[in-house]
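Visitor: I am new to this structure and would like to be shown around. Please begin once it is on display.

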Amino acid sequence: MESAVWEKVKDHPCYSEEAHHYYARMHVAVAPACNIQCNYCNRKYDCANESRPGVVSEKLTPDQAVRKVIAVANDVPQLSVLGIAGPGDACYDWNRTRTTFARVAKEIPDLKLCISTNGLALPDHVAELCDMNVDHVTITINMVDPEVGAEIHPWIFYKHRRYTGVEAARILHERQMLGLEMLTARGILIKINSVMIPGVNDEHLVEVNKWVKERGAFLHNVMPLISDPKHGTHYGLIGRRGPKAMELKALQDRLAGGATLMRHCRQCRADAVGLLGEDRGQDFTLDHIADEVTYDASKRNAYREVVARERGDHVVAKSEALETVKATGSGRSLLVAVASKGGGRVNEHFGHVREFQIYEASPRGISLVGHRKIEQYCLGGWGEDSALEGALAALDGIEVVLCAKIGECPKARLTAAGIRAIDDYGYEHIETAIGTIYAAEFGGGSLAATA
Ligand code: SF4
Ligand code: SF4
């Protein structure tokens, strides 16, 4: 990667998989209006319980958003990115987006600014995005064929008119491609989000990947459709299912070699706060924030120094682990679910896990390939049986669970399901632990000797 590009992504938890172990993002929900309809979205407000894009607890004015950003920056030293990702469209609700960014940039100039858009209004704002130093933009592109698009986006609102069906999808497609080309020509890093909708665009996303790669997209993030009748979205109500974890992985594996894939997206709420995979949004609702807040850079600055040292150690650990894997001479791959609460280490107890990070080890590398959410097993000191059943289902296809500690009962249940739970590597770097296990598994080493 060119050094100028690395400088842009090295602290961005979404654009760099490595950065996501150390740095956090926050979204402010200042943009409630949207100019298209997607069959998987219903922009829900006042909802603290659902974790998916388009859902927020409270909408903010730009003034409220700035207070919230300062409060979070004072309290969450990992914060490096402010994103506007709805709950509507950041480019359509442009005045609120622009005002918020201008005010935040004045208060905390080193915070990276990032937007997420469906692309329809994007070409109208490219010049201002450049002026405001927004160098990361996400465009959601689910199709490059309007016939497919009409199945996903029933209408758009464009130039004071409502369009439907294939005509609507064609306009959306043309505007998305135009916006993408305009931004890449100006050196802005573009991430494409695509929602994988089985039976609608799952095969078609291979084509989407080719188009966006040709037009210079930096990352392609294929995300599973989230669909549940309780959510009240069109797809939820008609029973359109999302892909299973292994179906998503199979598509992502097919796309290898095309536009570079993002595999660590958590499909965050439009008011998410914290490291990816954790959400502290409920700690920073307006009723928790003082009327007057002043930015204090000291915690963020001190944290950056610690991370710089830690990252150096992590790079060395990763490269040694890969050598360990290669030295086995095995061509096998191993899928490992890791319990981690950040820092790139195995540092979470099995009973506290809400999401596993999924790693694949093979002679090609030790890579994060996804995550699986589960219900927390241990609450108030003892384990919930139903949560364990859910965890077992979520761990479909996984061979090893790595965690800092696990009790005898869940360990036995995992073993009975053909999954080895290993807690000998608590607080090690993830890659070091996986490399050691891989060598023991396929290279004739011994786990006990290396633990
Ligand atoms: S563009 Fe975003 S906010 Fe608008 S309907 Fe689609 S998912 Fe919802
Ligand atoms: S939805 Fe994905 S890309 Fe957006 S902030 Fe969350 S992890 Fe990053």
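Guide: Two strands pair if DSSP finds at least two bridges between them. The model shown here is a predicted one. In it, strand S11 (residues 334-338) and strand S12 (residues 355-362) are joined by 5 bridges and run antiparallel.

Visitor: Which residue of S12 stands opposite Val336?
Guide: S11 and S12 are antiparallel partners. Across from Val336, the residue in S12 is Tyr359.

Visitor: In which sense does S11 pair with strand S16, parallel or antiparallel?
Guide: Val336 has a bridge partner in S16, namely Val400. Strand S16 covers residues 400-402, and 3 bridges link it to S11; the sense of this pairing is parallel.

Visitor: How many of the residues of S11 are buried?
Guide: In a regular strand the side chains alternate between the two faces of the sheet. On one side of S11, Leu334, Val336 and Val338 are buried, and on the other side Leu335 and Ala337 are buried too. Both faces are thus covered, and the count of buried residues is 5 of 5.

Visitor: There is also an open sheet of 3 strands; what is its strand order?
Guide: S2 and S6 pair in the antiparallel sense over 2 bridges, with Gln37 opposite Trp155. Strand S6 (residues 155-158) is also antiparallel to S7, over 4 bridges. The order is S2-S6-S7.

Visitor: Why is one side of S2 and of S7 left without a neighbour in the sheet?
Guide: Strands of a sheet pair through backbone hydrogen bonds, either parallel or antiparallel. Strand S2 (36-37) and strand S7 (161-164) stand at the edges, so each has a single partner strand.

Visitor: Which side chains of S6 point to one face and are buried?
Guide: The side chains alternate along S6. Trp155 and Phe157 point to one face and are not buried; those that point to the other face and are buried are Ile156 and Tyr158.

Visitor: Which residues of S7 stand opposite Ile156 and Tyr158?
Guide: The hairpin of S6 and S7 has 2 residues between the strands, and there Lys159 takes a positive phi near 50 degrees. The bridge partner of Ile156 is Tyr163, and opposite Tyr158 stands Arg161.

Visitor: At what angle to S7 does helix H6 run?
Guide: Helix H6 covers residues 165-185 and lies across S2, S6 and S7. Its angle to S7 is about 110 degrees.

Visitor: Are the rings of Tyr15 and Phe218 stacked or edge-to-face?
Guide: The whole structure holds 5 aromatic pairs. In the pair of Tyr15 and Phe218, the ring centres are 6.1 Å apart and the planes stand at 20 degrees. Planes under 30 degrees apart count as stacked, so the pair of Tyr15 and Phe218 is stacked.

Visitor: How many residues apart are Tyr15 and Phe218?
Guide: Tyr15 sits in the loop between helix H1 (3-9) and strand S1 (24-27), and Phe218 in the loop between helix H7 (205-214) and strand S9 (219-224). Both residues are buried. The pair links distant parts of the chain, and the separation is 203 residues.

Visitor: How many charged residues are in the shell around ligand 2?
Guide: The residues surrounding ligand 2 include Arg25, Lys191 and Arg266. By class, the shell divides into 5 nonpolar and 2 polar residues, and the charged ones number 3.

Notes
Residues are numbered from 1 along each chain as its sequence is written. Chains are lettered from A and ligands numbered from 1 in the order in which they are written. This is a predicted model: local features need pLDDT of at least 70, side-chain atom pairs count only at pLDDT 80 or more; totals for chains, interfaces and linings use all residues. Side-chain values use heavy atoms; hydrogens and water are left out. Contact means heavy atoms within 4.5 Å. Axes are lines fitted to C-alpha atoms, for helices over the stretch in contact, and angles run from 0 to 180 degrees between N-to-C directions. Rings of Phe, Tyr and Trp (its six-membered ring) pair if their centres lie within 6.5 Å; planes under 30 degrees apart count as stacked, over 60 as edge-to-face and the rest as tilted. Buried means under 20% relative accessible area, exposed over 50%, partly exposed in between (1.4 Å probe, protein chains only). A residue is near a molecule or strand if one of its heavy atoms lies within 4 Å of it. Ala, Val, Leu, Ile, Met, Phe, Trp, Tyr, Cys and Pro count as nonpolar, Asp, Glu, Lys and Arg as charged, and the others, Gly among them, as polar.
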